[in-house]
Amino acid sequence: MQGIIFKSTIDPSKKKEEQNLKNVTSEELTWLRCTRYRPPKLPRKSSDNKRLKRKPGSHPRIPFTTYQLETLENKYKTSAYLSRKDVVHLSELLNLPQSRIKIWFQNRRARERREFQITESLQST
């Protein structure tokens with residue numbers, strides 16, 4: 001049997017196409033990696049903005065006076081939940097918006113739950 005020599009059957013124009021595909025950078029094909037499950041990463045705002053939780057001029061934090069805190073604590077001792085009438089009464093008495101009264105009671109209940117969980121976990125260990 002004579003030695004048969006096989007020549008490359010790949011068309012020269014196809015070789016060029018393959019080389020061109022290899023030369024394409026990954027940056028040019030970034031759109032291929034974007035799907036609805038993996039959206040593109042967009043530039044974020046600087047982390048300096050994250051440190052400021054509120055704008056300095058919009059609503060400054062005004063602490064409660066001693067009298068206001070004592071009144072709120074005394075009312076909380078009688079009941080952890082307020083009726084609408086109680087909120088209006090305390091608001092007028094303490095010269096505070098009704099939303100501040102409501103939020104103070106929400107925060108106070110949350111603080112009590114948190115403290116209860118901490119003491120309970122310390123006693124069980």
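**Figure 1. Aromatic pairs in the predicted model.** In this predicted model, a search of the whole structure returns 3 aromatic pairs. One of these is formed by Y76 and F105, whose rings are tilted with respect to one another, with 6.0 Å centre to centre and 50 degrees between the planes. Because Y76 belongs to helix 3 (residues 66-78) and F105 to helix 5 (residues 98-124), this pair ties together parts that are 29 residues apart in sequence. Both partners, Y76 and F105, are buried.

**Figure 2. The pair of W104 and F105, and the cluster that includes Y76.** W104 and F105 form an edge-to-face aromatic pair, for which the model gives 5.1 Å centre to centre and 70 degrees between the planes. W104 is buried, as is F105. Taken with Y76, the residues W104 and F105 make up one aromatic cluster.

**Figure 3. R100 and the ring of F64.** In this view R100 lies over the face of F64, at a distance of 4.3 Å from the ring centre.

**Figure 4. The chain as the setting of these close-ups.** The secondary structure of the chain consists of 5 helices and 0 strands, so that, by the DSSP runs numbered from the N terminus, the order of elements reads α-α-α-α-α. Of the 125 residues of the chain, 12% count as buried, and the accessible surface comes to about 12200 Å², with 55% of that area belonging to carbon and sulfur atoms. Among contacts between residues at least 6 apart in sequence, 49% join residues that are at least 24 apart.

Technical notes:
Residues numbered from 1 in each chain as written. Predicted model: local features only at pLDDT ≥ 70, side-chain atom pairs only at ≥ 80, totals over all residues. Heavy atoms only, no water. Phe/Tyr/Trp six-rings, centres within 6.5 Å; stacked < 30°, edge-to-face > 60°. Helix = DSSP H or I, 4+ residues; strand = E, 2+ residues; numbered from the N terminus. Buried < 20%, exposed > 50% of the residue type's maximum accessible area, 1.4 Å probe, protein only. Lys NZ or Arg CZ within 6 Å of the ring centre and 35° of its normal. Contact = heavy atoms within 4.5 Å. Areas by Shrake-Rupley, 256 points an atom, 1.4 Å probe, with all protein chains shown as cover.
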